[in-house]
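Please open the model in your viewer and keep the sequence panel beside it. The tour below goes from one selection to the next.

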Amino acid sequence: MRPIFTFAIFIATASCLAASPSFTIDATRSAGKVSPKLYGLMTEEINHSYDGGLYAELIRNRAFLDDAKSPVNWSVVKDDASAAIITLDSANPLNDKIPTSLRLTATHVSKAHPAGVANSGYWGIPVQPKTEYRASLWARAEAGFFGPLTVSIVSEDGCTVYASGKLSRLTAEWKKFELTLKTGNVTPTAQARFEVTLDQPGMVWLDLVSLFPPTWNDRPNGLRKDIMQMLVDLNPKFLRFPGGNYVEGNKIEDHFPWQKTLGPIEHRPGHTCCWGYRSSDGMGLLEFLEWCEDMKAEPVLAVFAGYSLDGTHIDPGPQLEPFVQEALEEIEYVTGDTNTAWGARRAKDGHPAPFKLNYVEFGNEDGFDKSRSYNGRFAQFHDVIKAKYPQLKLITSDPWAQLDGRKPDVEDWHDYSAADDFIKKSRDYGSDFNRHGPEIFVGEWAAHEDAAARPWDATSWKLPPTPTMKAAIGDGAFMAAMERNSDIIKMQCYAPLLVNVNPGARAWRPDLIGYDALSAYGSPSYYAIQMFSRNLGDEILPVTFSGTSVQGCATRDSKTGEIIVKLVNPELTPQSLPIEIKGVTALASKATVITLAGNPEDTNSTGHPKNVVPITTTLSGVKPSFTCTLPANSIVVIKLKAHL
Ligand code: AHR
């Protein structure tokens, strides 16, 4: 939907402003420095964010560990004249970390009638034209069988072969095979599967079967390009990982096992994820760090702090020591030079240069720990880690806890609210903040449309996975409030970030970016965040509103003198708003205006990815006092250039 955006320029008189709605920006002074790290991202394995999402692996259950009883997501492919059997096998495993393989027995096969095994990936294998896919697998064969194996990407009905190659010289020992599968000039589709077939009778064992499309920065164990582009476009300054609940796990033993996520993928067994499926751990600690590197964002590392989602905790004291040690080693893996044990391990894993780390968070939402053990747990982690890494800023995941007298450097606040509640609370947001207290990190937040759409309620399952324009308005009001307070709110990030939109993939809504196997799209909230994060000054300018429901904020870029105004109109009708900029006598006559507007129920989807997107226009005849008409239900960024 196209916004209607008009400006009337006039010199406001005092009487006019007193009687009318007004928005005043005081450019004579600064209300503090805008945090340069204000806009970042939060991520965890939820909604198939990595497996079936950002992590570009296309084969589901590649290590045959997703189910102990059957090779789920794998099926036999055969025709009327061929036959094959598949079964899980724990004899002669690939290694001690991947204890199960797939045994494939082709009983009746010939060149004209092959049979084998197929994997449909995460809701389809995406086929793109003229694209090279990197296939790899480990295989061994019964004595006397040498192959070949045919590896292909074929249509769901098996009638079209999009790309194919052959592997031979199998032996009785495990051996890694790699080949490139190249598609021709095909029409993109996700109605495809990956196959490994035999055309001679024989028995083979397969493991760690993998297929990658081209990845961001060509990293071999890399990330999906389209989603990465969308993330980079948000200009994030940090990445909070790996959770969220994912860092904690449902049980203590299921917390994020960072050590087991290192090294070659055939050494990663994966683990039970708290969001209803198993994680391959292809997205391991180093991949998170390289993801940060690729986005030029700094890591905000959450370490497991001895509390899991089933309510179990580890008592502070000797029992907690191994977990504190685990956190110390994790920090050493991230930051240590190659003379340290874990820095050397990072170098061995392919990244000799240490990563810069400023922030470490202990746990996630530990306020849910009814035993209140977080006080002692935080204190124990704090004392050991501060002693070794005094420069690190330590984040409490429970802002209300007393922490046995330890003072956190940063508090992590989470806020999932209905759009109208964000709009209500945003107007005076921050008036009661302790400006001398710990820094504030709003480490998870998102507006849902209304009370009936609360993420944790069943009704939200009936709604599309990504938010509507109505929610984006709540997001806009809240972001403006956080930006006005970014002298103390140093970082903030929407959550969850990613959702696979296929049925059964989602564990939470609303989510910022949706995708299926073939394409990704941004929700209206995604574009709202993009408008805010890409247009950030460095000085907060005080603003006052009266007689209007419009909310907003203003900042200045001290280098260029540009004033950036962000406004949110939550009404279903356009609003005329006189704007006065005090202390500025002249502005460049042309300003850039970016507008996101739509009906409250408007949204984007894989089928309609650009239904609601920002539109950039140029405004002429700008002066320090002017009136703008904000479209109904809109978010507007106005970039006022200094007079040259
Ligand atoms: O963002 C979804 C979940 O909400 C996070 O994992 C958790 O921290 C919060 O409760």
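Begin by selecting Ser-549, which counts as partly exposed because its relative accessibility is 23%, where buried means under 20% relative accessible area, exposed over 50% and partly exposed in between, with a 1.4 Å probe and protein chains only. Ser-549 sits in the loop that runs between β27 (543–546) and β28 (551–556); helices (H or I, at least four residues) and strands (E, at least two) are DSSP runs, numbered from the N terminus. If residues up to four places away in sequence are not counted, Ser-549 touches Arg-427, Val-568, Pro-570, Glu-571 and Gln-575, contact meaning heavy atoms within 4.5 Å.

Before moving on, note that this is a predicted model, in which local features need pLDDT of at least 70 and side-chain atom pairs count only at pLDDT 80 or more, while totals for chains, interfaces and linings use all residues. Residues are numbered from 1 along each chain as its sequence is written, and side-chain values use heavy atoms, with hydrogens and water left out.

Next, select Gly-263, which is 286 residues from Ser-549 in sequence and 54 Å from Ser-549 in space, C-alpha to C-alpha. Gly-263 is one of the residues closest to the centre of the largest pocket, together with Asn-221, Pro-264, Ile-265 and Arg-268, out of 34 that line this pocket. The space in the largest pocket comes to about 730 Å³. On a 1 Å grid over the protein atoms alone, a pocket is an open set of points with protein on both sides within 12 Å along at least five of seven lines, a cavity is a set where a 1.4 Å probe fits but cannot get out, and lining residues have an atom within 4 Å of a point. Grid points are joined across faces, edges and corners, and a volume is the space filled by probe spheres set on the points. Colour helix α4 (285–295) as well, since α4 gives the most to the lining of the largest pocket, with four residues.

For enclosed space, there are three cavities of 30 Å³ or more in the whole structure. The largest cavity holds about 120 Å³, and among its 18 lining residues Asn-61, Arg-62, Ala-63, Asp-66 and Ser-280 are the closest to its centre.

Now show the strands β4, β7, β12, β9 and β10, which in that order form an open sheet with antiparallel pairing, two strands being paired if DSSP finds at least two bridges between them. At the edges stand β4 (74–77) and β10 (161–167), each with a single partner strand, so one side of each has no neighbour in the sheet. Inspect β7 (residues 115–119) beside β12 (residues 192–198), which are joined over five bridges; Asn-119 has Phe-194 as its bridge partner in β12.

Finally, select strand β31 (residues 587–597), in which eight of the eleven residues are buried. Which strands pair with β31 in the antiparallel sense? One is β34 (residues 634–642), over eight bridges, where Ser-634 is the bridge partner of Ala-597; another is β32 (residues 615–619), over five bridges, where Thr-616 stands opposite Ile-594.
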